[in-house]
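Work through the exercises below with the sequence and the structure open beside you. Try each task before reading its solution.

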Amino acid sequence: MPDETTPHEKQLKLYGKLVDQRQNYTTILWQFPTALLAANAFAIDKFHSQPLILLALGVVDGILAYSFRRLVIQQRSIITATRAAEGILRKTEFSAFIPNFSSARGSVSCILNHHDL
């Protein structure tokens, strides 16, 4: 019988890929809105007197917002798969390497009362 406390090499590779994908999506998800906002500010400044171009900009913004929504949905799927893989790996000898982040929301009072600072 296989030892369930030792993960297979394929499980570790899959977990590594999932974590990498999560990092890639996170980078896109914070850069995309920033770039879109900057591009819109520039376009509105340059084309404020041309309503057709501003209308086209609105259409493009709608398409980009829909694409962004799709990215968020895909990231949620990756997060779900990563959590499932973490659940399996927590039962192995690698459980110490799986981070356990607090689900409690941070606040200023929480930070100020933290004694490890």
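The exercises go from the overall fold to the helix pair and then to single residues of this predicted model.

**Exercise 1. The overall fold**

Task: State how many helices and strands the protein has, and give the pattern along the sequence.

Solution.
1. The secondary structure amounts to three helices and zero strands.
2. From one end of the sequence to the other, the pattern reads α-α-α.
3. Buried residues make up 15% of the 117 residues of the protein.
4. Among contacts with a separation of 6 or more, 74% join residues 24 or more positions apart.

**Exercise 2. Helix length**

Task: Compare the span of H1 with the span expected at 1.5 Å a residue, then do the same for H2.

Solution.
1. H1 covers residues 9-47 and H2 covers residues 51-89.
2. H1 has 39 residues, so its expected span at 1.5 Å a residue is 57 Å, the rise being counted for one residue less than the total.
3. The end C-alpha atoms of H1 are 56 Å apart, which agrees with that expectation.
4. For H2, also with 39 residues, the distance from first to last C-alpha is 56 Å, close to the expected 57 Å.

**Exercise 3. How H1 and H2 cross**

Task: Decide whether H1 is roughly parallel or roughly antiparallel to H2, and give the handedness of the crossing.

Solution.
1. The two helix axes approach to within 9 Å, and the crossing angle is roughly 160°.
2. An angle over 145 degrees counts as roughly antiparallel, so H1 is roughly antiparallel to H2.
3. The handedness of this crossing is left-handed.
4. Sorted by class, the residues in the contact of H1 with H2 are 26 nonpolar, seven polar and three charged.

**Exercise 4. Buried residues of the pair**

Task: List the buried residues of H1 and H2, and name a helix that covers each set.

Solution.
1. In H1 the buried residues are Tyr15, Leu18, Tyr25, Leu29, Asn40 and Ala43.
2. These buried residues of H1 pack against H2.
3. In H2 the buried residues are Leu57, Asp61, Gln75, Ile78, Ile79, Thr82, Ala85, Glu86 and Leu89.
4. H1 is included in what covers the buried residues of H2.

**Exercise 5. Thr82**

Task: Is Thr82 buried or exposed, and which residues does Thr82 touch?

Solution.
1. Thr82 belongs to helix H2.
2. Its relative accessible area is 1%. Buried means under 20%, so Thr82 is buried.
3. Leaving out residues up to four places away in sequence, Thr82 touches Tyr15, Leu18, Val19 and Arg22.
4. Of these, Tyr15 and Leu18 are among the buried residues of H1.
5. Val19 is also in H1, but is partly exposed at a relative accessible area of 25%.
6. The C-alpha atoms of Val19 and Ala81 lie 9.8 Å apart, although 62 residues separate the two in sequence.

**Exercise 6. Pro33 and Phe68**

Task: Where do Pro33 and Phe68 lie, and which residues do they touch?

Solution.
1. Pro33 is in helix H1, and Phe68 is in helix H2.
2. Pro33 has a relative accessible area of 34% and is partly exposed. Phe68, at 22%, also counts as partly exposed.
3. With residues up to four places away in sequence left out, Pro33 touches Ile28 and Phe68.
4. On the same basis, Phe68 touches Leu29, Phe32 and Pro33.
5. Between the C-alpha atoms of Phe68 and Phe32 there are 7.9 Å, with their positions 36 residues apart along the chain.
6. Pro33 and Leu64 are 31 residues apart along the chain, and their C-alpha atoms are separated by 9.7 Å.

**Exercise 7. Gln11 and Leu89**

Task: Give the C-alpha distance between Gln11 and Leu89, and the accessibility class of Gln11.

Solution.
1. Gln11 is located in helix H1, while Leu89 is one of the buried residues of H2.
2. The two are 78 residues apart in sequence, and their C-alpha atoms are 8.2 Å apart in space.
3. Gln11 has a relative accessibility of 28% and counts as partly exposed.

Key
Residues numbered from 1 in each chain as written. Predicted model: local features only at pLDDT ≥ 70, side-chain atom pairs only at ≥ 80, totals over all residues. Heavy atoms only, no water. Axes fitted to C-alpha atoms, helices over the stretch in contact; angles between N-to-C directions. Helix = DSSP H or I, 4+ residues; strand = E, 2+ residues; numbered from the N terminus. Parallel < 35°, antiparallel > 145°, perpendicular 65-115°, else oblique. Left-handed = near helix turned anticlockwise from the far one by under 90°. Nonpolar A, V, L, I, M, F, W, Y, C, P; charged D, E, K, R; others polar. Buried < 20%, exposed > 50% of the residue type's maximum accessible area, 1.4 Å probe, protein only. Contact = heavy atoms within 4.5 Å.
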